[in-house]
Amino acid sequence: MIETPISTEEQTIEEQSPSREPVRHKFRRTARRELDRTTARLRQLGSRLKRNLPNGNGNGGRPRKLRHAHIIGWGKYLPEKVLTNAEIALKVETDDEWIVARTGIRERRIVSEGESTATLALAAARSALETADLNPADLDLIIVASASPEHLFPATACLVQDELGATNAGAFDLSAACSGWIYGVSLASQAIATGSIDYALVIGAEALSRFVNWEDRVTCILFGDGAGAVILGPSERPGGVLSTVLGADGSGGQTLSVPAGGSRMPASAETVSNGLHMIHMDGRKVFRFATRVMRRAATEAVEKAGLTMDDIALLIPHQANIRIIESAARGLKLPMERVFVNLDRYGNTSSASIPIALCEALEAGQIEPDDQLVAVGFGAGLTWGAAVIQWMATPAPERPWRTRSRAALYRLARVRSALRRLWRRIETWLFRPPAPGA
Ligand code: UT7
């Protein structure tokens with residue numbers, strides 16, 4: 001049995017006034033100690049149980065060997081509201097022809113009132129759990145890559161964790177802009193390979209339209225909202241994430257940024273009136289950087305995986321600009337038939353663009369089992385990254401009762417969350433810390 005030690009503060013109070021202590025205080029202290037003991041016992045029991053499960057973090061007590069991290073689930077969510085080039089041309093001086101010729105974008109999706117980065121991320125996450133046929137409690141880690149998170153803190157990943165009811169998962173946000181999803185896949189796949197975790201949910205989610213200056217024709221034509229998610233899991237079978245390459249060059253940070261709202265320039269009436277809480281970009285500089293880095297990162301990742309470009313069935317690039325994608329394909333000597341493009345419909349969804357494109361490539365039947373893919377991205381920071389993935393997954397067979405039970409789990413998660421909030425209020429009321437010197 002675990003004895004919860006009495007804090008020095010409590011000891012002092014007891015020594016000072018053992019007999020005069022009000023009954024209410026005594027009751028509170030005893031109840032608190034009992035509660036702490038029970039919680040500790042339950043936690044211990046839980047982690048012991050988990051360690052001994054075949055999928056448990058502790059690998060059932062067996063010695064760990066290096067495993068392969070495979071994508072076993074995938075899902076996407078795009079808001080319903082469509083914003084066409086023609087509609088943008090009503091707000092700023094531009095036209096459909098210019099936008100299509102210079103970017104390849106025809107329309108993008110935009111969040112409606114009530115939608116935000118977390119709601120998009122949650123929908124994509126649920127869809128990924130569905131294809132993987134996993135329950136939220138199976139997840140060990142949730143990473144949300146986003147350049148437009150729900151708040152500075154708490155992390156969007158924690159909000160998703162709560163809504164899913166992923167009670168065994170750690171959760172954090174990752175800030176690497178459009179390269180964020182690749183950064184997340186890199187971290188998660190290594191944690192899986194070493195046996196530190198089993199199942200990771202990596203989401204790229206953006207509500208960039210909330211940060212776009214709708215009077216700036218250079219940026220407002222580019223960005224769109226959406227989310228894509230994958231679940232990575234362990235396997236003894238070689239394949240899955242074969243290699244990743246990450247890079248950064250902070251000297252280019254100012255070329256693409258949201259200048260205000262952080263600790264350097266806190267939000268104020270002045271920053272808002274100057275539009276400093278919105279996206280600022282030097283398009284030409286980012287363009288030049290992108291064409292250089294896409295080819296380099298993809299080449300490095302392919303070499304690191306021990307492959308050549310001839311082994312690559314499909315390139316899934318960050319969907320920023322068709323001219324950047326075509327330039328990368330030319331540099332890599334890949335015909336455009338082996339490059340996936342969907343930016344015409346969604347614009348640049350930053351960290352979400354690669355996982356959304358991955359889902360659509362699968363839906364379009366452009367990825368076969370055993371195919372080797374390269375995902376490559378670049379973005380604010382400046383950052384870049386590439387991942388080579390050998391595709392082994394097929395969606396889990398449809399089992400309606402599992403889908404129904406997951407839906408019930410999501411409802412339960414909401415109840416659990418509400419109860420925990422209520423309990424926190426009761427706890428605060430019951431266990432008020434003693435006043436200084438009491
Ligand atoms: O995830 C990373 C996010 N960022 C990017 O990927 C951005 C990368 N950069 C780009 O995609 C391109 O630089 C843009 C699409 C932003 C701009 O295309 P560009 O071919 O580099 O155009 P530019 O900036 O060189 O501008 C050419 C002209 C300029 O007029 P002047 O100075 O030649 O008279 C611009 O003012 O086009 C003008 N222009 C526009 N005209 C009509 C700029 N934006 C627009 C517009 N409609 N929306």
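Let's start with Ala 177. Is it buried or exposed? Ala 177 has 24 C-beta neighbours inside 10 Å, so it counts as buried, the cut-off being 20 or more. This is a predicted model, by the way. Where does Ala 177 lie? In the loop between strand S5, residues 170–174, and helix H7, residues 180–193. Now the backbone. Phi of Ala 177 is near 50°. That is a positive value, and the residue is not a glycine. Most residues other than glycine have a negative phi.

Next, Lys 333. Here too phi is positive, at about 60°, and again the residue is not a glycine. Lys 333 sits in the loop between helix H10, residues 322–332, and helix H11, residues 343–346. Buried or exposed? Lys 333 has 9 other C-beta atoms within 10 Å, and the cut-off for exposed is 12 or fewer, so Lys 333 is exposed. Put the two side by side: Ala 177 is buried, whereas Lys 333 is exposed.

On to the peptide bonds. Most peptide bonds are trans. Which residues does a cis bond join ahead of helix H6? Phe 153 and Pro 154, with omega about 5°. Pro 154 belongs to the loop between strand S4, residues 141–145, and helix H6, residues 156–164. There is also a cis bond from Gly 381 to Leu 382. Omega there is near -5°. Leu 382 is in the loop that runs between strand S12, residues 372–379, and strand S13, residues 383–390.

Now the sheet. We have an open sheet of five strands. The order is S1-S7-S6-S4-S5, and the pairing is mixed. Which strands stand at the edges? S1, residues 68–77, and S5. Each has a single partner strand, so one side of each is left without a neighbour in the sheet. From one strand to the next, the twist averages 20°.

Look at the S1 end. S1 pairs with S7, residues 226–235, in the antiparallel sense. Nine bridges make up that pairing. Take Tyr 77: its bridge partner in S7 is Ala 227.

Last, the helix on this sheet. Which strands does helix H5 lie across? S1, S4, S6 and S7. H5 covers residues 117–132, and S6 covers 200–206. The helix runs at about 125° to S1.

One link back to the loops. S4, in the sheet order next to S5, comes before the loop with Pro 154. S5, an edge strand, comes before the loop with Ala 177.

Key: Residues numbered from 1 in each chain as written. Predicted model: local features only at pLDDT ≥ 70, side-chain atom pairs only at ≥ 80, totals over all residues. Helix = DSSP H or I, 4+ residues; strand = E, 2+ residues; numbered from the N terminus. Pairing = 2+ DSSP bridges. Axes fitted to C-alpha atoms, helices over the stretch in contact; angles between N-to-C directions. Contact = placed C-beta atoms within 7 Å.
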